[in-house]
Amino acid sequence: MLLEAERICVSYGKVSAIRDITIRVPEGKIVTIIGGNGAGKTTTLRALSGMVPLKSGEIRFLGKRIDGLSADKIVAHGIAHVPEGRRIFPNMTVEENLRTGAFLRRDHAAVEKDLADVFARFPRLKERRGQRAQTMSGGEQQMLAIGRALMSDPRVLLMDEPSMGLAPVIVEEIAQIIEEINARGLSVVLVEQNAELALELADMAYVLETGNMALEGPAHELHDNEHVRAAYLGL
C-alpha cells in the first residue's frame, strides 16, 4: 500500500475532530473523502500532510511510519498538499509560486524539466508566468496551486476542495486535470464537497460524518448507496 492511515485520531484542544479513521491509498488510484461541513475531511488531509499532530494512530508511506514528521519532511517523502482555498502567494508571480513548490529539491535540471511540464499542462500559467498571482481568476489560481504541488515531484497528491467557488465549466476542466494527473501514475486523495464529481472521478471512497467513518468502498458502489444518494447527491 502506498499511503495508509490506521485508526488516526486528531483533536483541537479538548474537541475531537476525527476518531479512529482508517484510509488506504493504493498506488495509482484516486481515493475520495466526502461528507458534510465539519465532518473532518480537511483535518484528515492535514493529518496526512503533517500539518496537525495525531492524538493516536499511525500513518505509513510505503510501509514506513511518517506520523510525527514535520510537514516539509513529508513533502520530501513524496506527499504534496493542495490546500482548501488554494493558498497561493498573491504578491509573487506565477513562476515564483511554482518554484516555491520545488524548494526542497536540489536536482536543478529535473526542476526545470518539471516546470516546463507544468507550463505544457497549464498553457495559461505559461502565458502569465510573470504576472502576479492575485490578479488571476479563481480557476487559474486553482491551476497554479495544483502546479505548485506538482513541482515537488510527488507520488501522492492531496487535494482539498479543488472545485470550490469555480464556475461549472472550470470545474469540468479541473476534473479533467485530475484524471490526466492520475493517468500519469500519480495517486490522488480528493476531498470534495461536490460528491457527484468526487464519486465519478474516484476508484475508492470514504464517507465521514461528524469525525467518524460512516461508509467506505468502491466509489461506484457508494454512488448507488441509498444513504449517500439521499444525504450527499440530492437524489
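Q: In this predicted model, which residue with a positive phi follows helix α1?
A: The helix α1 spans residues 41–48, and the model in which it is seen is a predicted one. The residue that follows α1 has a positive phi, near 80°, and it is Gly50.

Q: Is helix α1 largely enclosed by the rest of the structure or not, and how many of its residues are buried?
A: The buried residues of α1 are Lys41, Thr43, Thr44, Leu45, Ala47 and Leu48. Helix α1 also lies across β3, β6, β7, β8 and β9, running at about 150° to β7. The helix is largely enclosed by the rest of the structure, because the number of its 8 residues that are buried is 6.

Q: In what order do the 6 strands of the open sheet stand?
A: The pairing in this open sheet is mixed, and its edge strands, each pairing on one side only, are β6 (79–82) and β10 (212–218). Neighbouring strands are turned by 15° against each other on average, direction ignored. The order of the strands is β6-β7-β8-β3-β9-β10.

Q: Which residue in β9 stands opposite Val31?
A: Strand β3 (residues 30–34) and strand β9 (residues 204–209) run parallel and are joined by 4 bridges. Opposite Val31 stands a residue of β9, namely Met204.

Q: Which helix gives the largest share of the largest nonpolar core?
A: The largest nonpolar core holds 48 residues, and those that touch the most other members are Leu125, Ile146 and Leu157. A share of 7 residues, the largest in this core, comes from one helix, residues 168–183, which is α7.

Q: Which residue of strand β8 is in contact with Leu157 and has a relative accessible area of 0%?
A: Leaving aside neighbours within four places in sequence, the contacts of Leu157 include Ala80, Ile181, Ser187 and Val189. Strand β8 (residues 187–191) is the place of Ser187, whose side chain also reaches the backbone oxygen of Pro26 at 3.2 Å. With a relative accessible area of 0%, the buried residue is Ser187.

Q: How many residues stand between β4 and β5 in their hairpin?
A: Strand β4 (residues 56–61) pairs in the antiparallel sense with strand β1 (residues 3–12) over 5 bridges, and β4 pairs in the antiparallel sense with strand β5 (residues 64–65) over 2 bridges. In the turn of the hairpin formed by β4 and β5, Leu62 has a positive phi of about 55°. The number of residues between these two strands is 2.

Q: How many residues apart in sequence are the parts tied together by the salt bridge of Glu4 and Arg60?
A: In this salt bridge the closest N and O atoms are 3.6 Å apart, and both Glu4 and Arg60 are buried. Because Glu4 lies in strand β1 and Arg60 in strand β4, the pair ties together parts whose separation in sequence, in residues, is 56.

Q: Is Glu6, which meets Arg60 in a salt bridge, buried or partly exposed?
A: The side chains of Glu6 and Arg60 meet in a salt bridge at 3.6 Å, N to O, and Arg60 is buried with a relative accessible area of 18%. Since a residue is buried under 20% relative accessible area, Glu6, at 24% relative accessibility, counts as partly exposed.

Technical notes: Residues are numbered from 1 along each chain as its sequence is written. This is a predicted model: local features need pLDDT of at least 70, side-chain atom pairs count only at pLDDT 80 or more; totals for chains, interfaces and linings use all residues. Side-chain values use heavy atoms; hydrogens and water are left out. Two strands pair if DSSP finds at least two bridges between them. A nonpolar core is a set of buried Ala, Val, Leu, Ile, Met, Phe, Trp, Tyr and Cys residues joined through side-chain atoms within 4.5 Å. Buried means under 20% relative accessible area, exposed over 50%, partly exposed in between (1.4 Å probe, protein chains only). Contact means heavy atoms within 4.5 Å. A polar contact is a pair of N or O atoms within 3.5 Å; within protein, one must be able to donate a hydrogen and the other to accept it, and residues adjacent in sequence count only if both atoms are side-chain atoms. Axes are lines fitted to C-alpha atoms, for helices over the stretch in contact, and angles run from 0 to 180 degrees between N-to-C directions. A salt bridge is a side-chain nitrogen of Lys or Arg within 4 Å of a carboxyl oxygen of Asp or Glu.
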